[in-house]
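Here are some exercises on charged pairs and surface patches, each with a worked solution. Have a look at the structure, then follow the steps.

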Amino acid sequence: MATKQTQVTAKIMMSPAVLMLLAWMIVPLGMTLYFSFLRYNLLMPGMEEFTGFGNYEFFLTDPAFLEALGNTLLLVGGVLLATVIGGTFLAILIDQPIWGRGIVRLLVIAPFFVMPTVSALVWKNMLMHPVNGLFAWITRGLGAEPVDWLADLPLFSITVIVAWGWLPFATLIILTALQSLDSEQKEAAEMDGAGPISIFWFITLPHLSRALTVVTLIETIFLLSVFAEIYVTTGGGPGTASTNLPFLIYIQALLQYDAGTASAGGVVAIILANIVAIFLIRMIGKNLET
Amino acid sequence: MARAVTTQRKLAFTIIAWTVGLTLFFPVLWTILTSFKTEGEAIATPPTFFFFDWTLENYVEVQERSNYLRHAMNSVVISVGSTLLGLLVAIPAAWSMAFSPTKRTKDILMWMLSTKMLPAVGVLMPIYLMCQWLGLLDSLVALVAILMLMNLPIIVWMLYTYFKEIPGDILEAARMDGASLGKEIIYVLTPMAVPGIASTLLLNIILAWNEAFWTLNLTASKAAPLTAFIASYSSPEGLFWAKLSAASTLAIAPILVMGWFSQKQLVRGLTFGAVK
């Protein structure tokens with residue numbers, strides 16, 4: 001249907017975006033790959049030499065790597081668990097006939113718009129501080145010893161802070177999916193004597209499966225790169241107790257100036273993210289056809 | 001009888017929902033309240049909730065001590081600049097993909113999406129070094145360019161899904177009535193495309209405003225936007241909770257308002273149209 005001329009115009013209109021993204025992808029990626037095979041320290045310019053897989057060996061056998069990998073998975077898993085389950089309950093709650101639903105919705109989604117450095121610092125100081133924090137005041141009120149959250153439970157505390165920010169995202173998407181649920185189906189099930197639990201299990205949950213998958217995949221992509229929350233709260237510590245993969249690479253890169261090892265770590269992070277990305281892209285691609 | 005039961009039920013759910021909602025919102029509310037306290041009152045135990053001497057001194061001091069406005073301006077330049085540039089590049093691309101799709105359109109869209117999946121930390125080293133070589137560390141130019149490229153896939157995708165909804169028949173009809181291409185764009189397409197473009201603009205300004213990987217790693221002081229400025233309060237000597245709260249309140253307030261307006265678009269933009 002499209003004539004030759006419109007096809008040419010279409011190509012011209014598309015080319016800036018395509019070329020820019022192509023450059024944005026290929027140039028840094030190529031450089032990361034190249035650096036990852038070099039012994040390259042920013043403090044010793046001109047001393048670069050080829051080391052083969054030396055950087056990978058160094059990065060992967062560093063005990064900090066396994067711990068960072070574990071922390072990354074715990075952080076992603078913990079936040080996912082909290083936001084998907086919490087988001088489902090919240091979405092169902094907001095979907096009930098209640099007074100002031102619009103306002104409740106606004107209150108619930110607000111955390112998503114708080115920039116990560118603000119949320120991390122507010123939680124770290126005003127809520128989780130072991131002496132003056134609000135949690136410490138509450139625990140003392142209950143007659144217990146206050147917990148030094150970020151020192152004693154660093155990874156858990158960061159999980160809580162990050163989950164607080166992502167819960168609105170999950171809630172909002174699940175709520176959107178929930179509102180497209182055919183109410184006649186539910187009414188029919190009610191007439192047949194189905195209780196709220198079986199309605200949830202056999203009607204609501206299957207309907208939500210797609211939204212839940214999308215939430216899980218998209219959150220995973222973002223959560224694999226959590227950085228600012230760690231940067232301003234624990235700095236990865238104590239020791240490496242709350243260091244995740246991005247933070248470990250950041251330490252190699254900008255604190256130890258080891259460009260070679262940081263790049264090898266970068267390649268590892270890219271591979272990890274791609275495993276998730278493949279599933280997400282397939283799902284979205286399927287949706288595009290319908 | 002049945003009516004009484006539903007009202008009771010409604011009341012119960014209302015109470016639960018409001019409790020949960022207020023609990024989740026509490027950290028934000030607490031930040032806003034603390035920003036109006038004195039430093040002494042901010043760390044007082046037991047904490048004071050509403051009955052304290054309200055003061056604006058923190059807002060004044062945040063500006064005087066650290067030139068808050070400069071960092072706020074940096075945030076504005078980075079978020080608005082990167083989004084506008086992104087739109088400039090993305091509108092023609094999304095337009096042509098929506099109105100003259102080819103066999104490869106879908107592949108191109110999926111590929112664009114895949115660039116978004118690249119973890120930033122994977123390219124930290126080359127981007128940092130390139131900025132260093134070009135003398136662009138701690139400069140707004142670099143951040144505008146990087147954030148624009150980072151959000152470009154989302155911008156193209158959002159616009160594409162909006163443009164897709166504009167019925168092609170209308171274009172045909174206008175053409176049959178003898179409208180020229182220029183008139184077609186001004187009178188027929190623009191009015192239908194503007195809402196979609198506006199939502200895309202809003203969501204991407206929000207995303208860029210809150211971006212906290214590149215802004216933290218590529219700025220020091222001169223070009224630091226609010227994300228990086230607030231991060232400077234994390235040092236132990238920077239423990240001024242009331243001032244931290246004042247700076248935070250100012251940093252999140254505008255974006256919170258914009259976010260509340262764009263909740264619907266948020267779902268669409270962040271799920272790439274997979275959930276509507």
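**Exercise 1.** Place the salt bridge between R65(B) and E61(B) in its helix and describe its exposure.

*Solution.* Step 1: the side chains of R65(B) and E61(B) form a salt bridge at 3.3 Å, N to O (a side-chain nitrogen of Lys or Arg within 4 Å of a carboxyl oxygen of Asp or Glu).
Step 2: both residues sit in helix α3 (residues 57-66) of chain B, four residues apart, about one turn of the helix.
Step 3: R65(B) has a relative accessible area of 55% and is therefore exposed, while E61(B), at 25%, counts as partly exposed (buried is under 20%, exposed over 50%, partly exposed in between, with a 1.4 Å probe and protein chains only).
Step 4: salt bridges with shared partners join E39(B), E61(B), R65(B) and K243(B) into one network.

The model is predicted: local features need pLDDT of at least 70, side-chain atom pairs count only at pLDDT 80 or more, and totals for chains, interfaces and linings use all residues. Residues are numbered from 1 along each chain as its sequence is written, chains are lettered from A and ligands numbered from 1 in the order in which they are written, and side-chain values use heavy atoms, without hydrogens and water.

**Exercise 2.** Which parts of chain B does the pair K243(B) and E39(B) tie together?

*Solution.* Step 1: the side chains of K243(B) and E39(B) meet in a salt bridge of 3.0 Å, N to O.
Step 2: K243(B) belongs to helix α12 (residues 241-261) and E39(B) to helix α2 (residues 39-42), so the pair ties together parts 204 residues apart in sequence.
Step 3: K243(B) and E39(B) are both buried.

How values were computed. Helices (H or I, at least four residues) and strands (E, at least two) are DSSP runs, numbered from the N terminus.
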